[in-house]
Amino acid sequence: MNWQGWAEIALTLSLAVAVGWPLGVFMSRVWNGERTFLDPIMRPVEALFYTACGIDPKKSQSWHAYALALLAFNLVGFVITYAVLRLQGVLPMNPQGFPGLSGHLSFNTAISFVTNTNWQSYAGETTMSTFSQMIVLTVQNFVSAATGATVAAALARAFVANRGEGVGNFWADLTRTTLYVLLPLSFVVAVLLVALGVPQALSAGVTAHTLEGADQKISLYAVASQEAIKMLGINGGGIFNANSAHPFENPTPLTNLITAVSINTLGWAAFFAFGRMVLAKKDVRALVMAAFVLLFAGAAGVYATETQPAPAQVAARVDTTVNMEGKEVRFGAPATAAWVAATTGASNGSVNGMHSSLMPLGGGIAMFLMQLGEILPGGIGSGIAVMVVMALLSVFVAGLMVGRTPEYLGKKIEAREIQFSILAVVIIPLSMLGFSAIAAVLPEALKGLMHSGPHGLSEILYAYVSGTANNGSAFAGLTANAPWWDVTLGVAMACGRFLPIVAVLAIAGALVAKPKLAPTAGAMPTDGGLFVGLLIGVILILGGLQFFPAMALGPIVEHFQVLGAVQALR
Amino acid sequence: MLSHSKTPIWRPALVSMGLFTALLGAAYPLAVTGVANAAFPAQAGGSLVRDDAGKVVGSALIGQAFAKPEYFHGRPSAAGNGYDAGASSGSNMGPLNDKLIEREKTEAASLRAENRDAAIPADAVTTSASGLDPDISPANARFQAPRVAQARGVPEKAVLATIEQHVDQPLLGFIGQPRVNVLMLNRALDARFPPNSHNKGG
């Protein structure tokens, strides 16, 4: 570890917050339907959407109607994506002649991209045609991100309202987030990435005649355009199997910084947008603070583990200052550590180094950040939404201690909100641990593992943690393209996505009807250090404690095995 | 409570998905492609490197397999059978994987046979995340310098000087790691010490 490494990690993580702040102000204007500088270009397009869809964007929907619209839109996305992947072989723009995907792989991939997870049971460059990448996968990268954002917009309106009814219009939130935030920003970042070396080509690739006289087939795609939204939309599904470790997706330290910042920045922006809409900037600053502390601790932890001696390097008697297996030379330990935290703290799931080859506790930290529920800062909007749920549970716990009805951001928090809050967070461990427990004893599932012992358990646990949290990164030794894994991970992704979303919208529906209270001296302050501490405690207990037994059998025991092995090999 | 029974759902779901597909799935990538190819054709086309005859010898961003002694070698690769640019992949082996430990020991043993004096850098025995890492660490390049110099029949100092010219330093001193692009370094060597002057017996 050195100062350069710490500086790189600090810059990467804090730049995302710094950029997210102005973007959040802009995002709140978009959600509020206010004028923006993009109006001259985007207003006509937006109007076209509403006319063609036959909807009135000003008509506020009940939480039921909002949730039903959201689910219907996502169901349509799922069906179209599934159909295109199945029929890939007969569709155009398929220069490599790839066949259609199997039923289970199409099912898994369609859910994966619709839920903003972007788990990939397949290797992109040997499976997906240009048509599939562009027409369904890139589109879902955008609209799944916008779907998450709508939840935060609805929740914010519920806190603002004084005995209100509607939580906003789903179609307007979806369309405006896509047209005013995601599309223009992606365009700018995509062009920037091309300038820095990321390819953008519609041909299948070229064959190079190497210096030693061999032929090297180089796969090309429209990489930059998908790369930009893959990061900004907190999606994470790469064009190539190696994802952001691939030199075409991420060629230099500068592209690495830009894309790593892009992972988190719109997640933070949604925090700030929520704060501006609810007129609770200080309270949201406390939420950002709590999330940032945990995120930075995660990155620092991975930097520390990846600079411990790796057993294979000890055995080979080579330099042991950095565990270089599964890392790129241009990134090294610090850029990889910052990325591990950024990608698992947000629900991104892209990787610039292979998580399976991280030191045991490094991989454990990646899992842990996902187990916290994807709130550091999580997906665009879905992150702040679940973070608010954590805050509700925190004020509820505090309320129990002092015997007062808890309040948060001017709304009384009562039984219904807490019931739905628990519902939103209980599905996460249920799916993660439940599926893992079954897979760990099922021969059909175990066939897919690359490792036995603790690392094998980690492969299982990581898969369901990542799927349920809608992250999408993997311990990629696991061969997941088999019926058991494709189907169960698909179910885990759908549960982890839509149950919390519906629960949060139900909370919004309950809150919107309540009167907005003026702050009183008796209410617990939710903008100070005490609350930050309480919130971090609730997050760690909810996210951490219930996973401890499983983690002890995976990464933690493997850590002690590594210590033993290093000592024996020395 | 607002009514939701009268609100249409399927029409906006289908129509908006159609419009989004046209805008985001077709217009957006095509617009980026148009701008990219107009403004940055070399990068957009994959940063291809050509020889004097104009034939593509590789991409500056993609590592390729080198085994001959007169060339610097890239890192071990888990992409296909090694540096398969159509099948990027890391080894995904966990830190205690027996095959990983054996592989690194074997790699180190063969490296030690060619240069007993220097410490072996970690990147010389480990596979990269992509299997296509175009770079090696400067220490790895210096480690290989005696072999390359001997195989080309040129002084080691000349080879070391060529390496130093090809070291990419971290941005602002702390963003990224120092590195050497293997393909570019080997091309520079071929240009400076043309292959026909190689001392093959070395």
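I take helices to be DSSP runs of H or I with at least four residues, numbered from the N terminus. With that settled, I looked up A:Leu279, which lies in the loop between helix H8 (253-278) and helix H9 (281-306) of chain A. I kept in mind throughout that this is a predicted model.

**Entry 1, backbone of A:Leu279.** I noted that A:Leu279 has a positive phi of about 55°, although it is not a glycine. I then asked myself whether A:Leu279 is buried, exposed or partly exposed. I found 13 other C-beta atoms within 10 Å, so A:Leu279 is partly exposed, given that a residue counts as exposed at 12 or fewer and as buried at 20 or more.

**Entry 2, B:Asn92.** I turned to chain B and found that B:Asn92, a residue other than glycine, takes a positive phi near 60°. I placed B:Asn92 in the loop between E2 and H3 of chain B. B:Asn92 has 24 other C-beta atoms within 10 Å and is therefore buried.

**Entry 3, the way into H13 of chain A and out of it.** I looked at the loop between helix H12 (360-371) and H13 of chain A, where A:Pro377 lies, and saw that a cis peptide bond joins A:Leu376 and A:Pro377, with omega at about 0°. Helix H13 (residues 382-402) of chain A has 21 residues and reaches 30 Å from its first C-alpha to its last, close to the 30 Å expected. I also recorded that 15 of the 21 residues of H13(A) are buried, which leaves this helix mostly covered. Just after H13(A), I came to A:Gly403, whose phi is positive at about 75°.

**Entry 4, H17 of chain A.** I asked how far apart the end C-alpha atoms of helix H17 (residues 483-512) of chain A are. They are 43 Å apart, and this agrees with the expected span because 30 residues at 1.5 Å a residue should span 44 Å. H17(A) is mostly covered, with 22 of its 30 residues buried.

**Entry 5, where the chains touch.** I looked up the contacts between the chains and found 94 residues of chain B in contact with 107 residues of chain A. The elements giving two or more residues to this side of chain B include helix H1 (10-39), helix H3 (98-114) and strand E2 (56-59). The largest share, 21 residues, comes from H1(B). By type, I noted 53 nonpolar, 31 polar and ten charged residues on the side of chain B that touches chain A.

**Entry 6, domains of chain B.** I read the domain assignment of chain B, which gives domain 1 (1-45) and domain 2 (47-197), and I noted that the C-alpha centres of these domains lie 42 Å apart.

Definitions and conventions:
Residues numbered from 1 in each chain as written. Chains lettered and ligands numbered in written order. Predicted model: local features only at pLDDT ≥ 70, side-chain atom pairs only at ≥ 80, totals over all residues. Expected span 1.5 Å × (residues − 1). Contact = placed C-beta atoms within 7 Å. Nonpolar A, V, L, I, M, F, W, Y, C, P; charged D, E, K, R; others polar. Domains from an automatic or database assignment.
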